[in-house]
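Below is a set of questions and answers on one protein model. Keep the structure open while reading.

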Amino acid sequence: MTLELLFYSVLFVTGIVSCFIENRTKVYYFITFSLFLVFSIIMRTSGFDLDINAYAVNFRLESLDIYYLKEPVFWLSSRYVYKFIHSDEVVFVLYDALSFIIVLWTTRKLNLPAYYPYLFLLFFPSLMGMENIYRQYLSMVLSSSFLAMCMLDDSFKKKMSVGLLAGLTHNVFFLFFTIYLLFNKEKKNSLVFILISIVFLFAIQFVLSTKSNSETGELGAGVYLAMSVALLGFYCVSYQFKLDDLSKKVMHLQVYFISLIVVSISLMGGGQSKRIGMFCLVLMLIPTVIAIEQNYKEKKIVRVAFFIVAILPTYIFSSSRDMLLTAIIK
């Protein structure tokens, strides 16, 4: 067993315990952030996996190729941070720490239950992002924050700022920018969202065409599609198909996510559609968690059941489990 896997399991148990916590105090946020930070330090000092090595190489580059300029938030900013720190590991830990702060902010913003940050961090798309496609992980963190701001109707400037940061961290986020239209209170229905979404679905090949075709593990894209459909089904069943205006919008959003995966599988296949699937699954966590909080009397039991089911794939699938096996405890 590795130290990474051991501490991941510690967070898993802590996440289960947090399912029974109702009030999130300052102590809770401090402990959660500290545990996440320890996990980050262990992860970054245990050796780099796969594409993380390419991110570390970028710290020393001077290239302003269009590949980097299209997604400058991490590619370029990390170079400047490295010039001051001169440590690959510390640079990653600093960006990890910033991502943890954003996840905790999103939790507080939407008044999500105490287990949500653990669910987000330990969920296998997030873990695979942290260990492999890092700028996607950062973009997914920002995307969740963007979704929270749209659901609560924050100011236009704030939403656009976070959305642009997410998109310029990983361009795939721009396929999810229509989230803003769906939750815009000025729109009386979802017609504009649907029309724009259709355009985005046709544009998906252009957005993905400049990306690597490398795979993101043994899981086929169909697994991401099946999991997304399962989450949508659970959401609708939780409300007994009696959806108010907000929950209908959320349901439409999840249908759009599933459509994105289907179209990406049809047009691109392979690693590209998996990246879309990872984005969709992470963004579907928030509606699922909210559905549990609003619809179940024995919600603590449902929290635990959902948490365990969501995290178990990390242990089951080698593509995610192997990323926790970089360094062996001697």
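Q: Is Glu-293 buried, partly exposed or exposed in this predicted model?
A: Buried means under 20% relative accessible area and exposed means over 50%. The relative accessible area of Glu-293 is 22%. Because that value falls between the two cut-offs, Glu-293 is partly exposed.

Q: With which residue does Glu-293 form a salt bridge, N to O at 2.7 Å?
A: Glu-293 lies in helix 15, and its partner lies in helix 16. The two are 10 residues apart in sequence, so the pair ties these parts together. The partner, at 2.7 Å from N to O, is Arg-303.

Q: How far apart are the closest N and O atoms in the salt bridge of Glu-22 with Arg-303?
A: A salt bridge needs a side-chain nitrogen of Lys or Arg within 4 Å of a carboxyl oxygen of Asp or Glu. Glu-22 and Arg-303 form such a bridge. The distance between their closest N and O atoms is 3.3 Å.

Q: How many residues apart in sequence are the parts tied together by Glu-22 and Arg-303?
A: Glu-22 lies in the loop between helix 1 and helix 2. Arg-303 belongs to helix 16, which covers residues 299-316. The pair therefore ties together parts whose separation in sequence is 281 residues.

Q: Which of the two, Glu-22 or Arg-303, is buried?
A: Glu-22 has a relative accessible area of 39%, so it counts as partly exposed. For Arg-303 the value is 1%, and buried means under 20%. The buried residue is Arg-303.

Q: Which residues are linked in a network of salt bridges?
A: Arg-303 forms a salt bridge with Glu-22, and Arg-303 also meets Glu-293 in one. The network includes these three and Lys-299. Its members are Glu-22, Glu-293, Lys-299 and Arg-303.

Q: What is the N to O distance in the salt bridge of Arg-135 and Glu-71?
A: This pair links distant parts of the chain, 64 residues apart. Arg-135 is in helix 9, and Glu-71 is in the loop between helix 4 and helix 5. Their side chains meet with an N to O distance of 2.5 Å.

Q: What is the relative accessible area of Glu-71?
A: Its partner Arg-135 is buried, because its relative accessible area of 8% is under 20%. Glu-71 is buried too. The relative accessible area of Glu-71 is 0%.

Q: Which helix gives the most residues to the lining of the largest pocket?
A: The largest pocket holds about 250 Å³ of space. Two elements give two or more residues to its lining, helix 14 (245-267) and helix 15 (270-295). With four residues, the most is given by helix 15.

Q: How many residues of the lining of the largest pocket are nonpolar?
A: The lining has 16 residues, and among those nearest the centre of the pocket are Met-151, Leu-246 and Ile-290. Three of the lining residues are polar and two are charged. The number of nonpolar residues is 11.

Q: About what area does the nonpolar surface patch with Met-1 have?
A: Met-1 sits in the segment before helix 1. At 58% relative accessibility it counts as exposed, because exposed means over 50%. With Leu-3, Leu-6 and Val-10, Met-1 makes a nonpolar patch of about 350 Å².

Q: What is the C-alpha distance between Met-43 and Phe-7?
A: Met-43 is found in helix 2, and it is buried at a relative accessible area of 1%. Phe-7 is 36 residues away from Met-43 along the chain. Their C-alpha atoms are separated by 9.4 Å.

Q: Which residue in the loop between helix 13 and helix 14 has a positive phi of about 60°?
A: The residue is not a glycine, although its phi is positive. It is exposed, with a relative accessible area of 61%. Its name is Phe-241.

Key:
Residues are numbered from 1 along each chain as its sequence is written. This is a predicted model: local features need pLDDT of at least 70, side-chain atom pairs count only at pLDDT 80 or more; totals for chains, interfaces and linings use all residues. Side-chain values use heavy atoms; hydrogens and water are left out. On a 1 Å grid over the protein atoms alone, a cavity is a set of points where a 1.4 Å probe fits but cannot get out, and a pocket is an open set with protein on both sides within 12 Å along at least five of seven lines; lining residues have an atom within 4 Å of a point. Grid points are joined across faces, edges and corners, and a volume is the space filled by probe spheres set on the points. Ala, Val, Leu, Ile, Met, Phe, Trp, Tyr, Cys and Pro count as nonpolar, Asp, Glu, Lys and Arg as charged, and the others, Gly among them, as polar. Patches are made of residues with over 30% relative accessible area and no salt bridge: like charges are joined within 9 Å, nonpolar side chains (Val, Leu, Ile, Met, Phe, Trp, Tyr) within 5 Å. Accessible areas come from the Shrake-Rupley method with a 1.4 Å probe; for residues, only the protein chains shown count as cover. Buried means under 20% relative accessible area, exposed over 50%, partly exposed in between (1.4 Å probe, protein chains only).
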